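Biologist: Before we look at anything in detail, could you show me how to read a model of this kind, one feature at a time?

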Amino acid sequence: MPRRKGAPEVNAGSMADIAFLLLIFFLVTTTIETDAGLDRMLPPMEPPEEDVVIRQKNIFTVNINRNGQLLVEDELMDLKGLRQAAVAFLDNGADGTCNYCQGRKNPESSDNPAKAIISLKNDRETKYSTYITVQNELVGAYNELRNREAQRLYGRDFTEMEGKYLNPETPSAERDDLKEKVERVQKMYPQKLSEAETSTSN
Amino acid sequence: MAKFAKKKDGDLPAVSTASLPDIVFMLLFFFMTVTTMKDSSLLVQNTLPNASEIKKLEKKDRIIYIYVGKPTREYQSVFGTEPKIQLNDKFANVDEVGSYILAERAKKPQELQNVLTTALKVDKDANMGLISDIKQELRKVNALKVNYTTYEGDAFRNLQ
């Protein structure tokens, strides 16, 4: 009988194989999801207490038909021009109360950014992708103006500040500082985007 | 021949693979921690549209997902090719959206119930009619915060 030198060592050579197997399993099942999208608020169901009278010139109407064509302020428009048209409308400042607006002060267009409303209406047959493109352009118009003001006041982009403010990893001291700035710029150009219920006919 | 045999003497020793398991385990743990198991398999086609002015959806525990799109090929014989709504693991009608939102909301902790976001993951070929119906349902149950989930990209690519 051979003399034994304690228990024999377990062969760990296949450890790597086992680990590789697990690794490959997790590699395959992993989906590193980074969901992002356009944030919107829906209007509440209850109608407001008192009827607010909104003058026609303060409403910027955008109609999308079933073929994806745009009717902006009763005129046919290409999607590429929508952002500029929305910026011009929001930035108009006809009544002169908006001292940071750089628009043309056209009396036929909006009074000031706080009163300006964009009304979006679409057909039931409109494609979702077209709708998202229009939404994107309208949000882009607001962001463009907000970026401009944020650059003027704080020397940085509004979208960058907002992203940092909403990121939970940002230290809280910095977030408190950003909160004030973000809210100030938001107040300069409040997002008033109303979505009318869809029409069944054209 | 002897010349070659002699050279073998001064050869480099083989690289030790003893630390290979450690390296692999490190990778393994990384993937284990970042993995999120898909909680519902997709029954609908879900190619999201592109948008550039997007915000990231932080905090997954505050999000309720609604999927919309054409049924995938294996379900098309049963459910047809019209876009359908998918809630959790099954197809649903528009009038079930409200109760689904309420049920999901009740599952969340009390302090989160007021800050929930509804993420609409809608295929880009869907029609707005269905989306409007969903939005109407969401308004009825007061789930007003929505996020149209998109890919990041040029929005004009949607039109092609």
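Modeller: We shall go through confidence, the overall form of one chain, the contact between chains and the nonpolar cores.

Biologist: How should I read the confidence, and which elements of chain A have the lowest and the highest mean pLDDT?

Modeller: This is a predicted model, and pLDDT is the predictor's own confidence in each residue. In chain A the mean pLDDT is 81, with 91% of the residues at 70 or more. Among the elements of chain A, helix α3 (residues 128–154) has the highest mean, 88, whereas strand β6 (residues 193–195) has the lowest, 78.

Biologist: What is the radius of gyration of chain B, set against that of a compact globule of 160 residues?

Modeller: The radius of gyration is taken over C-alpha atoms; for chain B the value is 25 Å, while a compact globule of 160 residues would be near 15 Å. The C-alpha trace of chain B spans about 90 × 40 × 35 Å along its principal axes, and 28% of its 160 residues count as buried. Chain B has five helices and seven strands, which follow one another from the N terminus as α-α-β-β-β-α-β-β-α-β-α-β. Of the contacts in chain B with a separation of 6 or more, 78% are between residues 24 or more positions apart.

Biologist: How many residues of chain B are in contact with chain A, and which elements supply them?

Modeller: A contact here requires C-beta atoms within 7 Å, and by that test 49 residues of chain B meet 49 residues of chain A. On the side of chain B that touches chain A, at least two residues each come from α2 (20–34), β2 (55–56), β6 (117–122), α5 (128–140) and β7 (145–152) of chain B, and α2(B) gives the largest share, nine residues. This side of chain B consists of 26 nonpolar, ten polar and 13 charged residues. There is also strand pairing between the chains: strand β1 (residues 36–41) of chain A and β2(B) run antiparallel, joined by two bridges, and A:G37 stands opposite B:K55 in β2(B).

Biologist: Which residues touch the most other members of the largest nonpolar core?

Modeller: In soluble globular proteins, nonpolar side chains tend to be buried together. Here the largest core has 46 residues, and those touching the most other members are A:A86, A:L90, A:Y128, B:I66, B:V68 and B:L120; α3(A) contributes the largest share, nine residues. Leaving aside neighbours within four places in sequence, B:L120 is in contact with B:I66, B:V68, B:V146, B:N147, B:Y148 and B:T149. A second, separate core has five residues, including A:A150, A:F158, A:V182 and A:V185.

Key
Residues numbered from 1 in each chain as written. Chains lettered and ligands numbered in written order. Predicted model: local features only at pLDDT ≥ 70, side-chain atom pairs only at ≥ 80, totals over all residues. pLDDT = per-residue confidence, 0-100. Helix = DSSP H or I, 4+ residues; strand = E, 2+ residues; numbered from the N terminus. Contact = placed C-beta atoms within 7 Å. Nonpolar A, V, L, I, M, F, W, Y, C, P; charged D, E, K, R; others polar. Pairing = 2+ DSSP bridges. Core = buried A, V, L, I, M, F, W, Y, C linked by C-beta atoms within 7 Å. Buried ≥ 20, exposed ≤ 12 C-beta atoms within 10 Å, placed from the backbone. Rg over C-alpha atoms; globule rule 2.2 N^0.38 Å.
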